[in-house]
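Subject: Structure handover

Hello,

Here is the structure I promised to pass on. Please open it next to this email and follow along.

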Amino acid sequence: MDVKEQIKKAVDKITKDKNLQEQFQKEPVKALEGILGVDLPDDVINQVVEGVKAKLTVDKVSDTVDALKGFLKK
């Protein structure tokens, strides 16, 4: 299983669905297993959870920086 591909797939789905975002915040393992459609071993699912959290954080910071850049240019 390609962990990076699973992270990308999960991030794509989570960022497009407010309900999935809420579920991921409350129960990340359960949310990911639902998104991916498989029951993964703990070591794999934990890697995916951490990867998704990191990617979502980076994307959020990037969006904030872009918004600030736009605001400062005005």
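Below is what I found, starting with the whole chain and ending with single residues.

**The chain as a whole**

Keep in mind that this is a predicted model. The chain holds 4 helices and 0 strands. Along the sequence the pattern reads α-α-α-α. Of the 74 residues, 26% are buried. The accessible surface is about 5400 Å². Carbon and sulfur atoms account for 54% of that surface.

How far apart in sequence are the residues that touch? Take the contacts between residues at least 6 apart in sequence. Among these, 50% join residues at least 24 apart.

**The core**

In soluble globular proteins, nonpolar side chains tend to be buried together. Here the largest nonpolar core has 16 residues. Seven names are worth marking: Ala10, Ile14, Phe24, Leu32, Ile35, Val48 and Val52 touch the most other members. Which elements give two or more residues to this core? They are helix 1 (3-16), helix 2 (18-26), helix 3 (28-36) and helix 4 (42-73). Helix 4 gives the most, with 5 residues.

**How the helices pack**

Start with helix 1 and helix 2. Their axes are 5 Å apart, and the packing angle is about 115 degrees. Helix 1 brings Lys13, Ile14, Thr15 and Lys16 to the contact. Helix 2 brings Lys18, Leu20, Gln21 and Phe24. By class, this contact has 3 nonpolar, 2 polar and 3 charged residues.

Next come helix 2 and helix 3. Their axes come within 5 Å and cross at roughly 135 degrees. That makes helix 2 oblique to helix 3. On the helix 2 side, the contact uses Leu20, Gln23, Phe24, Gln25 and Lys26. On the helix 3 side, it uses Pro28, Lys30, Ala31, Leu32 and Ile35. The classes are 6 nonpolar, 2 polar and 2 charged.

Now helix 1 and helix 3. These axes lie 10 Å apart, at an angle of about 100 degrees. The two helices are therefore roughly perpendicular to each other. Helix 1 offers Gln6, Lys9, Ala10, Lys13 and Ile14. Helix 3 offers Leu32, Ile35 and Leu36. This contact divides into 5 nonpolar, 1 polar and 2 charged residues.

**Residues to click on**

*Ile14.* Find this residue in helix 1. Is Ile14 buried or exposed? Its relative accessible area is 1%, so Ile14 is buried. Leaving out residues up to four places away in sequence, Ile14 touches Leu20, Gln21, Phe24, Leu32, Ile35, Val52 and Leu56. One of these partners, Val52, is 38 residues away in sequence. In space, the two C-alpha atoms are 9.2 Å apart.

*Val52.* With the same neighbours in sequence left out, Val52 touches Ile7, Ala10, Val11, Ile14, Phe24 and Leu32.

*Val48.* This residue is in helix 4. Val48 has 0% relative accessibility, so it counts as buried. Beyond residues up to four places away in sequence, Val48 touches Val3, Gln6, Ile7, Leu32 and Leu36. Gln6 is 42 residues from Val48 along the chain. Their C-alpha atoms are separated by 7.0 Å.

*Val44.* Helix 4 also holds Val44. Why does Val44 count as buried? The cut-off for buried is under 20% relative accessible area. Val44 has 19%, so it is buried. Look for Val3 as well. Val44 and Val3 are 41 residues apart in sequence, yet their C-alpha atoms are 7.6 Å apart in space.

*Lys8.* Go back to helix 1 for Lys8. Lys8 has 49% relative accessibility, so it counts as partly exposed. The cut-off for exposed is over 50%. Lys8 and Gly51 are 43 residues apart in sequence. From C-alpha to C-alpha they are 8.9 Å apart.

**Where to begin**

Try the core first. Colour Ala10, Ile14, Phe24, Leu32, Ile35, Val48 and Val52, the members that touch the most others. Then go through the helix pairs in the order above.

Best wishes

Conventions. Residues are numbered from 1 along each chain as its sequence is written. This is a predicted model: local features need pLDDT of at least 70, side-chain atom pairs count only at pLDDT 80 or more; totals for chains, interfaces and linings use all residues. Side-chain values use heavy atoms; hydrogens and water are left out. A nonpolar core is a set of buried Ala, Val, Leu, Ile, Met, Phe, Trp, Tyr and Cys residues joined through side-chain atoms within 4.5 Å. Buried means under 20% relative accessible area, exposed over 50%, partly exposed in between (1.4 Å probe, protein chains only). Contact means heavy atoms within 4.5 Å. Axes are lines fitted to C-alpha atoms, for helices over the stretch in contact, and angles run from 0 to 180 degrees between N-to-C directions. Angles under 35 degrees count as roughly parallel, over 145 as roughly antiparallel, 65 to 115 as roughly perpendicular and the rest as oblique. Ala, Val, Leu, Ile, Met, Phe, Trp, Tyr, Cys and Pro count as nonpolar, Asp, Glu, Lys and Arg as charged, and the others, Gly among them, as polar. Accessible areas come from the Shrake-Rupley method with a 1.4 Å probe; for residues, only the protein chains shown count as cover.
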